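Here's a quick briefing to read alongside the model. Have the viewer open as you go through it.

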Amino acid sequence: MRDNRAMSPPWRPTRFLRGSVALHAAALAGVALGPELWPWALGAVAANQAAILAGGLLPRSRLLGPNLTRLPARAAARGEVALSLDDGPDPEVTPRVLELLAERGVRATFFCIGERAARHPALVRAIADAGHKVENHTLRHRHDFALLGPRRFLREIGAAQDTLAALAGEAPRFFRAPAGMRNPFLDFALARLGLQLVSWTRRGYDTRNADAADVLARLTRDLAPGDILLLHDGNAVRGADGVPVLLEVLPRLLDALAAAGLRPVTLRAALD
Ligand SMILES: [Zn+2]
């Protein structure tokens with residue numbers, strides 16, 4: 001399996017997860033010592049389980065592990081922002097996106113789905129050859145991804161890692177979960193594979209919102225240095241004219257970034 005394991009430190013659960021384990025143990029011990037305490041123990045465990053669930057359902061939460069939602073301060077100080085494009089490569093949309101980015105000399109980060117990458121290897125090479133970065137967005141983009149256990153996380157993400165590394169010529173360093181949803185085992189799997197979880201600062205909902213002006217407004221509201229913007233070259237919704245909304249939004253977004261004096265860079269460039 002191609003990964004960055006040699007470089008990765010051992011997994012260390014967040015303080016919240018370690019506290020959750022301690023709370024479960026204390027609840028069990030409490031009930032063993034004083035059976036009449038069971039309603040309190042059950043209430044505490046239920047509240048904790050609800051917090052764990054919320055931590056997995058909220059894409060920008062850090063309860064379950066490290067999660068990059070903005071570029072570091074030093075990148076923001078350089079006026080950098082990151083454009084990330086998910087769910088590709090797409091044979092119709094991705095080449096147009098590459099043209100639009102090339103016209104402006106802009107580099108972006110593509111979170112590719114492993115199986116789609118394997119179906120369109122030339123597109124993955126074109127992304128990498130143009131100086132963009134290919135990162136890991138799972139092998140199949142399963143809708144039940146957030147329900148998987150540690151072993152299936154390792155298989156699903158590890159297989160994508162192998163495919164993407166072989167096609168792009170460089171192993172992904174970043175991972176994004178489908179719809180941003182996960183559970184406590186994901187952090188363990190990412191630590192094993194040497195991958196860093198990235199979500200976003202803001203998204204335009206360009207897989208379901210066909211109104212280009214509205215998508216653009218969502219992406220550019222409170223636009224600031226250090227923002228990570230989420231777009232989709234795969235699963236892009238189409239407007240009434242049949243044109244993928246992303247292709248209408250992207251040139252205007254690049255104009256807005258230029259007008260604001262912001263410089264789009266890849267996640268790797270911003271973090272190095
Ligand atoms: Zn996705």
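What follows covers a metal site, one helix and one glutamate.

Keep in mind that this is a predicted model. Its zinc ion has three protein donors, Asp87, His137 and His141, while helix 2 has its buried residues lined up along one face.

**Zinc site**
- Asp87 binds through OD, and His137 and His141 each use NE2, with the donors lying 2.1 Å from the zinc ion.
- Along the chain, the donors follow the spacing D-x49-H-x3-H.
- Aspartate 87 sits in the loop between strand 1 (80-86) and helix 4 (93-104), and histidine 137 in the loop between strand 3 (133-136) and helix 7 (150-168), so this pair links distant parts of the chain, 50 residues apart.
- Aspartate 87 and histidine 137 are both buried.

**Helix 2**
- The 20 residues of helix 2 (residues 38-57) should span 28 Å at 1.5 Å a residue, and the end C-alpha atoms are indeed 28 Å apart.
- Ala41, Val45, Asn48, Ile52, Gly55 and Gly56 are the buried ones in helix 2.
- Looking down the axis, those buried residues fall within an arc of 100°, so they line one face of helix 2.
- Helix 1 (15-33) and helix 8 (184-193) are among what covers them.
- Turned away from that buried side, the other face carries the exposed residues Trp40, Leu42 and Leu53.

**Glutamate 156**
- Glutamate 156 is part of helix 7 and is buried, with a relative accessible area of 2%.
- Setting aside neighbours within four places in sequence, glutamate 156 is in contact with Thr138, Leu139, Arg140, His141, Arg142 and Phe145.
- One of those contacts, His141, is also a zinc donor.

Methods:
Residues are numbered from 1 along each chain as its sequence is written. This is a predicted model: local features need pLDDT of at least 70, side-chain atom pairs count only at pLDDT 80 or more; totals for chains, interfaces and linings use all residues. Side-chain values use heavy atoms; hydrogens and water are left out. Helices (H or I, at least four residues) and strands (E, at least two) are DSSP runs, numbered from the N terminus. The expected span of a helix is 1.5 Å times one less than its number of residues. Buried means under 20% relative accessible area, exposed over 50%, partly exposed in between (1.4 Å probe, protein chains only). The arc is that of the directions from the helix axis to the C-beta atoms. Contact means heavy atoms within 4.5 Å. Donors are N, O and S atoms within 2.8 Å of the metal (3.2 Å for Na, K and Ca); water is not among the atoms, so sites may look incomplete.
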